[in-house]
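Hi,

Here is the structure I promised to pass on to you. Have a look at it first, and then read on for my notes.

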Amino acid sequence: MKLKWDYELPEFKSDRHSDYDGNFFYSKGMIIFVYSVCKKICLIKFDENGNQILYREYEIPHHTPSLWQTVFYNKKTYLFFDDNVCLDTETLEILNCKISTFGGTEDWLKEARFLEEGPFDFNDFYIEHPTSFTYLCKNKSTNDLIWKLKLKGYLYSKIFKNNNDLIFCTAEHGGGVYAVNEHSGEIRYYIDTKGTQYYVKINNEMFFYHLGEKGILSKINLLTGQTIEEFPLNQVTLDSPLQLLDNKWLLTLTFKRKRDNINIPVIRCIDINS
């Protein structure tokens with residue numbers, strides 16, 4: 001992996017990185033990053049070479065965005081900040097409307113962003129997630145229990161199947177990347193990342209962050225769990241957005257930390273084929 005370009009966003013003052021959140025979008029050769037910081041929504045648009053095309057700020061008067069739910073409706077993408085306010089990612093306009101207008105349900109508003117509940121349906125079995133750390137695999141025809149697991153961290157990803165393994169990611173309380181055998185419930189491998197919400201899967205490979213003061217972007221073989229390559233980010237790395245562009249580049253978000261709680265967010269474009 002090799003750095004293609006990087007871009008420093010405006011600095012902000014806070015002792016909590018949770019005050020900063022955002023989403024990447026990629027369309028027609030353009031990169032859009034929408035983010036909230038200190039009760040303000042900002043949008044920045046780049047070309048594929050990291051040249052800034054557009055910068056906008058939006059005032060959201062009532063409170064800081066908490067949902068960040070992407071909705072596809074009538075061939076357009078909308079980003080909901082909460083149940084009443086969204087961004088049209090085509091016109092870049094802020095709309096005041098209920099999430100139900102676009103086919104959403106109140107269930108989206110009950111849990112924290114990206115927290116998954118299940119059940120997760122597969123060919124002849126399904127996975128229930130009845131409590132924060134418990135997973136039940138049941139026969140679809142009989143509802144008989146096949147296996148039960150108690151694992152670390154809250155479930156922050158969908159569960160997907162790769163070969164004979166179920167792959168999923170957890171965050172908080174010792175989160176990481178799990179591969180569990182679908183038939184036996186055996187944990188084939190577990191990678192401690194200090195928490196994973198975002199990942200990118202390409203065939204039998206997976207990219208994700210190792211969080212920390214000097215974070216790492218990792219690439220693993222999903223069949224074995226073995227590390228293929230690591231890219232040192234060398235900045236404060238949280239479980240921030242990770243976006244694939246044209247199966248060639250990854251966008252990452254890290255933070256330079258300065259004195260007096262001043263933080264500088266940094267977007268990087270990494271060539272994953274170099």
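Let me start with a contact between two charged side chains: aspartate 165 forms a salt bridge with arginine 188, and the closest N and O atoms are 2.8 Å apart. Please keep in mind throughout that this is a predicted model. Aspartate 165 lies in strand 17 (residues 165-171) and arginine 188 in strand 19 (residues 187-192), so the salt bridge ties together parts that are 23 residues apart in sequence. The two partners differ in their surroundings: with a relative accessibility of 4%, aspartate 165 counts as buried, while arginine 188, at 34%, counts as partly exposed.

The structure holds seven salt bridges, and two others caught my eye. One of them brings together the side chains of glutamate 8 and lysine 256, at 2.4 Å from N to O. Since glutamate 8 belongs to strand 1 (residues 2-8) and lysine 256 to strand 25 (residues 249-257), this pair ties together parts that are 248 residues apart in sequence. Glutamate 8 is partly exposed, with a relative accessible area of 42%, and lysine 256 is partly exposed as well, at 32%.

The other salt bridge is made by the side chains of lysine 140 and aspartate 121, at 2.9 Å from N to O. Lysine 140 sits in the loop between strand 13 and strand 14, and aspartate 121 in strand 11, so this contact ties together parts that are 19 residues apart in sequence. Lysine 140 counts as partly exposed at 33% relative accessibility, whereas aspartate 121 is exposed, with a relative accessible area of 56%.

That brings me to the sheet around these residues. Four strands form an open sheet in the order 11-12-13-14, with antiparallel pairing. Strand 11 (120-121) and strand 14 are its edge strands, each pairing on one side only. Strand 12 (residues 125-128) is joined to strand 13 by four bridges, and the two form a hairpin with five residues between them. Within this pairing, isoleucine 127 has cysteine 137 of strand 13 as its bridge partner.

On the other side, strand 13 pairs with strand 14 (residues 145-150) in the antiparallel sense over five bridges. Tyrosine 135 has leucine 149 of strand 14 as its bridge partner, and lysine 138 stands opposite leucine 145. The hairpin of strand 13 and strand 14 also has five residues between the strands, and there asparagine 143 takes a positive phi near 65°.

How enclosed is strand 13 (residues 134-139) by the rest of the structure? Five of its six residues are buried, so strand 13 is largely enclosed.

A second open sheet of four strands has the order 20-21-22-23, again with antiparallel pairing. Its edge strands are strand 20 (200-202) and strand 23 (227-232), each of which pairs on one side only. On average, neighbouring strands of this sheet are turned by 20° against each other, direction ignored. Three bridges join strand 20 to strand 21 (residues 205-210), and in that pairing lysine 201 stands opposite methionine 206.

Now for the rings. The count comes to 10 aromatic pairs. Phenylalanine 33 and tyrosine 35 are one of them: their ring centres are 5.3 Å apart and their planes lie at 20°, so the pair is stacked. Phenylalanine 33 is buried at 0% relative accessible area, and tyrosine 35 is buried at 2%. Phenylalanine 122 and phenylalanine 125 are also stacked, because their ring centres are 5.0 Å apart and their planes are at 20°; both of these residues are buried. In addition, ring pairs link Tyr135, Phe168, Tyr178 and Tyr190 into a cluster. Tyr135 is the residue whose bridge partner in strand 14 is leucine 149.

Finally, the cysteines. How many disulfides does a search of the whole structure find? The search finds zero. Cysteine 169 counts as buried, with 0% relative accessibility, and cysteine 269 is likewise buried, at 0%.

Happy browsing, and all the best!

Terms used
Residues are numbered from 1 along each chain as its sequence is written. This is a predicted model: local features need pLDDT of at least 70, side-chain atom pairs count only at pLDDT 80 or more; totals for chains, interfaces and linings use all residues. Side-chain values use heavy atoms; hydrogens and water are left out. Buried means under 20% relative accessible area, exposed over 50%, partly exposed in between (1.4 Å probe, protein chains only). Two strands pair if DSSP finds at least two bridges between them. A disulfide is a pair of cysteine sulfur atoms within 2.5 Å. Axes are lines fitted to C-alpha atoms, for helices over the stretch in contact, and angles run from 0 to 180 degrees between N-to-C directions. Rings of Phe, Tyr and Trp (its six-membered ring) pair if their centres lie within 6.5 Å; planes under 30 degrees apart count as stacked, over 60 as edge-to-face and the rest as tilted. A salt bridge is a side-chain nitrogen of Lys or Arg within 4 Å of a carboxyl oxygen of Asp or Glu.
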